Amino acid sequence: MFYFWGLFLEYLGIGKFNKRVIMKKIKCIGILTSGGDASGMNAAIRAVTRSAICNGYTVKGIYRGYEGLIRNEIKELTTQDVSSIIQRGGTILKTARSKDFMTPEGRKVAYDNMVAAGIDALVVIGGNGSLSGAQIFANEFDVPCIGLPGTIDNDLYGTDVSFGFQSAVDIAANTIDCIHSTAASHSRVFIVELMGHKTGWLTLYAGMAGGADILLIPEIPYDLEVVAEAIRKRTKAGKHFTIIAAAEGAISKEEAALSKSELKAKRKKENYPSAAYRIGAEILQKTGLEVRVTVPGHVQRGGQPCAYDRVLATRLGAKTAELILQKKYGYMTCVKENKIDIIPISEVAGKTKLVDTDSDIIRQAKFAGLSFGDEPCGI
Ligand code: F6P
């Protein structure tokens, strides 16, 4: 009985069921990019705008994400505005991490501006925070939303891959390639710190592609003695350098056992600029070897999108336009087993896709002799 009542409410678009077919006429679509920029965002903006305009919709670009919605930075987009942008990195709509949008008052201003601009539905391109923002906004004001997964972190739940990730992997792997030649000329340990506070996707893929010897990711807390032993083993085998790819959020086994507040206090006391410097100091103390740290930082988010991300973002953008035509809202377009698919935003919001420590890729990496610093490796 309650189930059928729920389905009825869902059909009407009422209550907690906010994925639905919209009955009211939607003529104008607002589009924004939010959070960290990611390669492919422009390709997605282009695909959504072109398809929507071709099908009789007006498209309005909201600049600087949710922050721009609050500050009323809204301008109509034409097909000319999205011409020749597919090859450009970043986002022509700019982006921001909005503190004000996290407050009910801020969201009310955003909603009023959206209504005043004549925007009937919202397309949100971004990562975890952006999609969670869309879910809250949709629930609070009954705003029809569609999400697209764009983040270099690849940590969005509900999609196998997000655009921006592959381009960042290419850049990060290139960085490790560059380190290789200088590393081979010295007897040193090199640590390359890659983006990813909560997840190790970028470190895993770029580290593997770049031929790093040790990968340190948040999902697999490291044992410093195991890391030191892996380095010593290489030295004994006549390899005079070691390259470590470490995620921003790499954490030791001891640290993983601490409470959140204890960890915060430890980090504050140690006062290292970032993870790689902390790990570097630990390795120096354990092995006495010279250590060098490289932090490519935002270089990883820069440059031109790779062809894969342009194609992926275009396909997801076209799927978004298809949903608009079908009047289906409350979904994020996604990739499932190599196919473009959709998933309710309510199932995505607030979740993080971690690297599965039992996955094939981790097993294969370990089998190929890579160390994750958790257990002794064969090579
Ligand atoms: O969310 C993407 C991301 O690039 C993270 O990997 C990184 O930790 C963070 O953004 C950096 O954020 P900001 O650009 O605000 O410094």
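Which residues surround the ligand? I looked this up first and found Arg97, Ile152, Asp153, Met195, Gly196, His197, Glu248, His298 and Arg301 around the ligand, where a residue is near a molecule if one of its heavy atoms lies within 4 Å of it.

I note that this is a predicted model, in which local features need pLDDT of at least 70 and side-chain atom pairs count only at pLDDT 80 or more, while totals for chains, interfaces and linings use all residues. Residues are numbered from 1 along each chain as its sequence is written, and side-chain values use heavy atoms, with hydrogens and water left out.

I sorted the shell around the ligand by residue type and obtained two nonpolar, three polar and four charged residues, with Asp, Glu, Lys and Arg counted as charged, Ala, Val, Leu, Ile, Met, Phe, Trp, Tyr, Cys and Pro as nonpolar, and the others, Gly among them, as polar.

I then checked the polar contacts (pairs of N or O atoms within 3.5 Å). An N or O atom in the side chain of Arg97 is 2.9 Å from an oxygen atom of the ligand, a polar side-chain atom of His298 also lies 2.9 Å from a ligand oxygen, and for Arg301 the distance is 2.8 Å. Taken alone, the ligand exposes 390 Å², of which the protein buries 72%, by the Shrake-Rupley method with a 1.4 Å probe.

Lastly I counted five aromatic pairs, meaning rings of Phe, Tyr and Trp (its six-membered ring) with centres within 6.5 Å, stacked if their planes are under 30 degrees apart, edge-to-face if over 60 and tilted otherwise. Tyr66 and Phe101 are stacked, because their ring centres are 3.9 Å apart and their planes at 10 degrees.

Terms used. A polar contact is a pair of N or O atoms within 3.5 Å; within protein, one must be able to donate a hydrogen and the other to accept it, and residues adjacent in sequence count only if both atoms are side-chain atoms.
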